[in-house]
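Here's a quick briefing to help you find your way around this protein. Keep the 3D view open while you read, and click on each residue as it comes up.

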Amino acid sequence: MAAGTVTSPATFADGLAPYGVKALVVAASKQGAPYAYGATGPNRFDCSGLMLYAFRKAGKRLPRTAEEQYELTLHILRRHRSPGDLVFFPTGGAMGHVGIYAGHGRIWHAPRPGARVRLERIWTRNVRYGRAT
């Protein structure tokens, strides 16, 4: 799935948080941007920095870290996830990674040092979902 394929809100179910759909489009537009620890854009990102940047552009302020972002969002069940929701990956007792749900079991995220922002299938069921409201 290319960056341009998630741009139409008409492809999403009604009732989504408007920030999430807009943030999803912004995150997808950053495809190929390099990962840089602590970076919040516009040209380099870490995982939570990409979310902070995308949601800011969508009109919603998020805190800086994945853990703080998780604490701020409305926690939802997997069966209620929608494109634009945040996907959190626990590491130990905290959230160690975050991406934005693109639908079809995939997320946009800034994976790790040496990688670039990309669309990727969620690789584990050990995730938590949150919605920025």
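Let's start with Y101, which counts as buried because its relative accessible area is 5%, under the 20% cut-off. Bear in mind that this is a predicted model. Y101 sits in strand β3 and has a ring partner, Y129, in strand β6.

**Ring pairs**

- The ring centres of Y101 and Y129 are 6.5 Å apart and their planes meet at 85°, so this pair is edge-to-face.
- These two tyrosines bring distant parts of the chain together, as they are 28 residues apart.
- Y129 is buried too, with 5% relative accessibility.
- How many aromatic pairs are there? The count comes to 4.
- Another of them is F89 with W123, and this one is stacked: the centres are 4.5 Å apart, with 10° between the planes.
- F89 belongs to strand β2, while W123 lies in the loop between β5 (118–121) and β6 (128–131), so to speak a link across 34 residues of chain.
- Is F89 buried or exposed? F89 is buried, at a relative accessible area of 6%.
- W123, on the other hand, is partly exposed, because its 48% relative accessibility falls between the 20% and 50% cut-offs.

**The overall layout**

- The protein has 3 helices and 6 strands.
- Walk along from the N terminus and you'll meet the elements in the order α-α-α-β-β-β-β-β-β.
- Of the 133 residues in the protein, 51% are buried.
- Look at contacts between residues at least 6 apart in sequence: 53% of them join residues at least 24 apart.

**The nonpolar cores**

- The largest nonpolar core holds 29 residues, and L86, I100 and W108 have the most contacts inside it.
- Which elements each supply at least two residues of this core? They are α1 (18–29), α2 (47–57), α3 (66–72), β2 (86–91) and β3 (94–103).
- The largest share comes from α2, with 6 residues.
- A second core, separate from that one, has 8 residues, including I76, I107, V127 and Y129.
- L86 makes a good residue to click on: leaving out residues up to four places away in sequence, L86 touches M51, F55, L62, T73, V98, G99, I100, R128, Y129 and G130.

**Helix α2**

- α2 is mostly covered, with 9 of its 11 residues buried.
- Those buried residues are C47, S48, G49, L50, M51, L52, Y53, A54 and F55.
- What do they pack against? Their partners are α1, α3, β2, β3 and β4.
- After α2 comes G59, which has a positive phi near 100°.

**Q69, a residue with no accessible area**

- Q69 is part of helix α3.
- Its relative accessible area is 0%, so Q69 counts as buried.
- Setting aside neighbours within four places in sequence, Q69 is in contact with S48, M51, L52, L62, P63, R64, F88 and V98.

**The largest pocket**

- The largest pocket contains about 150 Å³ of space.
- Its lining is made of 14 residues, and Y37, D46, C47, S48 and G96 are the ones nearest the centre.
- Two or more lining residues come from each of α2, α3 and β3.
- Which element gives the most to the lining? That's β3, with 3 residues.
- Sorted by type, the lining has 7 nonpolar, 4 polar and 3 charged residues.

**R106 and its strand**

- R106 is found in strand β4 (residues 106–109).
- With 27% relative accessibility, R106 is partly exposed.
- R106 and L119 are 13 residues apart in sequence, and their C-alpha atoms are 6.6 Å apart in space.

Key. Residues numbered from 1 in each chain as written. Predicted model: local features only at pLDDT ≥ 70, side-chain atom pairs only at ≥ 80, totals over all residues. Heavy atoms only, no water. Core = buried A, V, L, I, M, F, W, Y, C linked by side-chain atoms within 4.5 Å. Buried < 20%, exposed > 50% of the residue type's maximum accessible area, 1.4 Å probe, protein only. Helix = DSSP H or I, 4+ residues; strand = E, 2+ residues; numbered from the N terminus. Contact = heavy atoms within 4.5 Å. 1 Å grid on protein atoms, 1.4 Å probe; cavity = no way out; pocket = protein on both sides within 12 Å on 5 of 7 lines; lining within 4 Å. Points joined across faces, edges and corners; volume = space filled by probe spheres on them. Nonpolar A, V, L, I, M, F, W, Y, C, P; charged D, E, K, R; others polar. Phe/Tyr/Trp six-rings, centres within 6.5 Å; stacked < 30°, edge-to-face > 60°.
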